[in-house]
Each structure stands twice: as structure tokens, then as C-alpha cells.
Amino acid sequence: MQITNKDIQSEEIRQQIREQLTEELKSVLPAKQIQKVVFAYNKVSVRYEFGERRE
């Protein structure tokens, strides 16, 4: 598997979203819940990008 610029850009975008999501959730959720939300986001975003959507 070869890593492309698109892969790097996608990961940079996901990282920015994770950081924003974490920051916004700090005021409404405990840290353990934030970790679960970020984990779920990671799982969904990778599946979506690589076409592994399951219904």
C-alpha cells in the first residue's frame, strides 16, 4: 500500500476535526465520553473514505 498526498491531506483534515470536536465537547461531556465520541468519529470517517460503509 502506497501513501499518497491525498491520504496525508485527509488525515490532516481528520486531525483538525478531532481537535475541534474534542475542544467543543470538553464543556459538555466527561473525558471518557469524549474519547468514545472521537473513537467513533475515527471509525466512521475511515470507513467512509475507503468505501467500507455497512448498512
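Which residues are exposed on the other side of H1? They are Asn-5, Gln-20, Glu-23 and Glu-24. The views below start from the whole chain and then move to H1, its salt bridges, the loop and H2. The model is predicted.

**View 1. The whole protein has 2 helices and 0 strands.** The chain holds 55 residues, and 15% of them are buried. About 5,000 Å² of the protein is exposed. Carbon and sulfur atoms supply 54% of that area. Helix H1 covers residues 5–25. Helix H2 covers residues 31–49. A loop lies between H1 and H2.

**View 2. Helix H1 has a buried side and an exposed side.** H1 counts 21 residues. From its first C-alpha to its last, H1 reaches 30 Å. That is close to the 30 Å expected at 1.5 Å a residue. Ser-10, Arg-14, Arg-18 and Leu-25 are the buried residues to look for in H1. They sit on the same side of the helix, because their arc around the axis is only 80 degrees. Asn-5, Gln-20, Glu-23 and Glu-24 are exposed on the other side. An α-helix has 3.6 residues a turn, so residues three or four places apart point the same way.

**View 3. Glu-11 and Arg-14 meet in a salt bridge within H1.** The N to O distance between their side chains is 3.1 Å. Why are Glu-11 and Arg-14 separated by about one helical turn? The two are 3 residues apart in helix H1. Glu-11 is partly exposed, at 34% relative accessible area. Arg-14 is buried, with a relative accessible area of 10%. Buried here means under 20%, so Arg-14 at 10% qualifies.

**View 4. Glu-11 also forms a salt bridge with Arg-18.** Their closest N and O atoms are 2.5 Å apart. Arg-18 is buried, with a relative accessible area of 12%. Salt bridges with shared partners join Glu-11, Arg-14 and Arg-18 into one network. Glu-11 is a partner in the bridge to Arg-14 and in the bridge to Arg-18.

**View 5. Lys-26 and Glu-23 form a salt bridge.** How many salt bridges does a search of the whole structure find? The search finds 3. In the bridge shown here, the closest N and O atoms of Lys-26 and Glu-23 are 3.4 Å apart. Are Lys-26 and Glu-23 buried or exposed? Both residues are exposed. Glu-23 belongs to the exposed side of H1 seen in View 2.

**View 6. Ser-27 sits in the loop between H1 and H2.** Ser-27 counts as exposed, at 64% relative accessibility. Its side chain has a polar atom 3.4 Å from the backbone oxygen of Glu-24. Glu-24 itself is exposed in H1.

**View 7. Val-37 of helix H2 is in contact with Leu-21, Leu-25 and Leu-29.** This list leaves aside neighbours within four places in sequence. Leu-25 is among the buried residues of H1. Val-37 is partly exposed, with a relative accessible area of 32%. How far apart in space are Val-37 and Thr-22? From C-alpha to C-alpha they are 8.6 Å apart. In sequence, Val-37 and Thr-22 are 15 residues apart.

Key. Residues are numbered from 1 along each chain as its sequence is written. This is a predicted model: local features need pLDDT of at least 70, side-chain atom pairs count only at pLDDT 80 or more; totals for chains, interfaces and linings use all residues. Side-chain values use heavy atoms; hydrogens and water are left out. Helices (H or I, at least four residues) and strands (E, at least two) are DSSP runs, numbered from the N terminus. Buried means under 20% relative accessible area, exposed over 50%, partly exposed in between (1.4 Å probe, protein chains only). Accessible areas come from the Shrake-Rupley method with a 1.4 Å probe; for residues, only the protein chains shown count as cover. A salt bridge is a side-chain nitrogen of Lys or Arg within 4 Å of a carboxyl oxygen of Asp or Glu. Contact means heavy atoms within 4.5 Å. The expected span of a helix is 1.5 Å times one less than its number of residues. The arc is that of the directions from the helix axis to the C-beta atoms. A polar contact is a pair of N or O atoms within 3.5 Å; within protein, one must be able to donate a hydrogen and the other to accept it, and residues adjacent in sequence count only if both atoms are side-chain atoms.
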